[in-house]
Amino acid sequence: MRDGIGPEHAVAHVLGPGARPVGLAFAAAGGRVMTCAHVVNTALGRPRRAPDEPDLRVALLFPLSADDAPRSARVLHWPEGPEWDAGRDLAVLALDEPIPGDVPELMLAPYVRHADIPVQLVGSAATSGMRHVRGHLVGSVAAHRWQINQENGEPYRAEPGFSGGPVWDRNTGVVLGVLRAASDEHMGAECVDFSSIDVTGMAERRTHSGVDTRVARLLDEATRLLPEYQAYAASDVDVVPYHHQALVDAAENVAHAEPARVPAFARAMTMTYDRVNSDSLLRMARVLAARHPERARALVAEAGRLRHGGTQQPSPETLAMMAVALAPGDSAYAGRLVAQAEARLSDRSFGSHDTPPMVLAHIARALAPMDPDRARSLGHRAQTLLQREDYDQEDWRATQLAELAAVLAEVDGPGAEELVLRAERLMGRTSRHGPFTNGYLFGMIRAVSSVDPACAERIVRRRPDGFHKTAALTIVARATAAGDPAYCLALAGEIEAMAETVFADARHTIVTAETARAIAAVDPDRAERLVDLLPPTHRTPLLTQIARSLREG
């Protein structure tokens, strides 16, 4: 898994008499725990095929979690009928306590689409820790049951104690089913898929409202469609920067809506542009830092590797951005990253995209929760340095002013507003000399909107009518959602009217999708009705925004 926490971290021991492990279970999306019914029977001292649903609690322990205290769980789903067969050897459990924060909740495949899938399984032996086994799902042997051929040359084989553990697709990390490990080594291992149970229905019965179910459904669909969105975004060369930011926004939305989905969404990010994936990971890490610091740290480490191809040390700006992501919940580690960034800054060990003012600004933002006075001092230094920078293009200077303002807004509000006004004055001069570069426009408006949406709107409205002006207005609309939801909806209506008369189908679709995202921030029910109006290639950012808005109420 991309954030460094693998599926094995979701695995729990199912404890029998004397707290002895008798099999495995694993945490699944939606807060459920999956295992084999025969493992539950064994843990409770019942016959292996006892048909009646037990009313006793089962004890579980997550061995790779820092919180390794045993937990109790009740049975939520049990095979029906007096004599259930091996294809329905599934039990779904509900913990009496929350799943530990450092335990990922794995995504389940509702059914297996085809055979010949490279898979991985895991178990725990009595004399050692976790053992990994690789193999292939080679074909169906009976209803809901799939044969696993374990690869030759692997040091370990599946053992009976592995039963109940996850069988996951090595390419996607999605869990295809639950492992049944035969006692006879010649019979090998089988995967029991989930097609015999209604996972969505179980989520509905578990929750007191429909919000959890809707969020899960929306994020399932967003993750499924993510590859299509990324392929389209990479091909739409005129507005690639716009699509890139939409992907970063989508990643942050997922982290807000359901932190357990972050690993699956991160794995699905396959764009060629590693800086986009890196920025997405950093945004998700900042959301997770307070409640899941270990998971956030793993995301940050991967982001640093992606930004520099894994072949060189992170640049000062990257180190500072990593510190910003971790500062809300892991101040000690963030402080170490700040020290490294400052050391490399003093050595002038810059990356190709680094500028000293932005490095100082990110360091200031990282220090804001820990040392606000020093953060403000560094922010002032960043502003002074930016004034000395020699830029050939005024639009680039305006963008740098706006981005610096966005970074420093948490550190020095009045100073950030002054930077925005300076950027606006530069924009006024730039607009008389020629069209503002569209790539700069989107970054500029996003940065200004985070500090002063009204100023951002003034800048946009001075641009000539056309797609880029209208698309930039959707950024402003989203920025106004929290402070003035009525104006957000009014602006969205204006944008929709403009799009109807100005754009060809392709550009109209983009504006419709981005306007729906603005609406989703205020009225997720209305936005959800707009999803079907969009082609699948445009839906992922909107679906994640709806999910986030539903979760945040």
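When I say in this talk that two residues are in contact, I mean that they have heavy atoms within 4.5 Å of each other. With that in hand, please keep in mind that what we are looking at is a predicted model.

Let me use the word straight away on leucine 419, which is found in helix α13, residues 413-433. If we leave aside its neighbours within four places in sequence, leucine 419 is in contact with Gln383, Leu401, Leu404, Ala405 and Leu408. Leucine 419 counts as buried, because its relative accessibility is 0% and the cut-off for buried is under 20%. The C-alpha atoms of leucine 419 and alanine 398 are separated by 9.1 Å, although the two residues are 21 apart along the chain.

Now let me step back to the whole chain. The protein chain has 553 residues, of which 56% count as buried, and its secondary structure comes to 20 helices and 12 strands. How much of the contact in the protein chain joins residues at least 24 apart, if we take contacts between residues at least 6 apart in sequence? The figure is 64%. As for the surface, the protein chain exposes about 22,800 Å², and carbon and sulfur atoms supply 49% of that area.

I would like to spend some time on helix α9, residues 331-346. Its 16 residues should span 22 Å at 1.5 Å a residue, and the end C-alpha atoms are indeed 22 Å apart, so the expected and the computed values agree. Which residues of α9 are buried? They are Ala334, Leu337, Val338, Ala341, Arg344 and Leu345. Seen down the axis of α9, these buried residues fall within an arc of 130°, and therefore they line one face of the helix. It helps to remember that an α-helix has 3.6 residues a turn, so residues three or four places apart point the same way. The buried residues of α9 pack against two other helices, α8 (316-326) and α10 (356-367).

That brings us to α10, which has 12 residues and reaches 16 Å from its first C-alpha to its last, close to the 16 Å expected at 1.5 Å a residue. Here 12 of the 12 residues are buried, among them Pro356, Met358, His362, Arg365 and Leu367. Helix α16, residues 467-480, is also mostly covered, with 13 of its 14 residues buried. From its first C-alpha to its last, α16 reaches 20 Å, which is close to the 20 Å expected.

Let me turn next to side chains with rings. The charged end of arginine 297 sits over the ring of tyrosine 333, at 4.2 Å from the centre of that ring. As for pairs of aromatic rings, the count comes to 0.

Two residues in loops deserve a careful look at their backbone. Alanine 19 lies in the loop between β1 (11-15) and β2 (21-28), and its phi is near 60°, a positive value in a residue other than glycine. Is alanine 19 buried or exposed? Its relative accessibility is 53%, so alanine 19 counts as exposed. Histidine 144, in the loop between β8 (130-142) and β9 (145-150), has a positive phi of about 70° although it is not a glycine. Because its relative accessibility is 25%, histidine 144 counts as partly exposed.

I will finish with three more residues and their surroundings. Leucine 61 is in strand β4, residues 58-61, and, not counting residues up to four places away in sequence, leucine 61 touches Ala12, His13, Leu15, Asp68 and Pro70. Aspartate 236 lies in the loop between α3 (211-235) and α4 (240-257), and it is buried, with a relative accessible area of 10%. Leaving aside its neighbours within four places in sequence, aspartate 236 is in contact with His243, Arg507 and Ile510. Alanine 216, finally, lies in helix α3 and counts as buried at 18% relative accessibility. Where does the chain come back towards it? Alanine 216 and alanine 257 are 41 residues apart in sequence and 9.1 Å apart in space, C-alpha to C-alpha, while the residues that alanine 216 touches, not counting those up to four places away in sequence, are Glu258 and Arg261.

Note on methods:
Residues are numbered from 1 along each chain as its sequence is written. This is a predicted model: local features need pLDDT of at least 70, side-chain atom pairs count only at pLDDT 80 or more; totals for chains, interfaces and linings use all residues. Side-chain values use heavy atoms; hydrogens and water are left out. Helices (H or I, at least four residues) and strands (E, at least two) are DSSP runs, numbered from the N terminus. The expected span of a helix is 1.5 Å times one less than its number of residues. Buried means under 20% relative accessible area, exposed over 50%, partly exposed in between (1.4 Å probe, protein chains only). Accessible areas come from the Shrake-Rupley method with a 1.4 Å probe; for residues, only the protein chains shown count as cover. Rings of Phe, Tyr and Trp (its six-membered ring) pair if their centres lie within 6.5 Å; planes under 30 degrees apart count as stacked, over 60 as edge-to-face and the rest as tilted. A charge sits over a ring if NZ of Lys or CZ of Arg is within 6 Å of the ring centre and within 35 degrees of the ring normal. The arc is that of the directions from the helix axis to the C-beta atoms.
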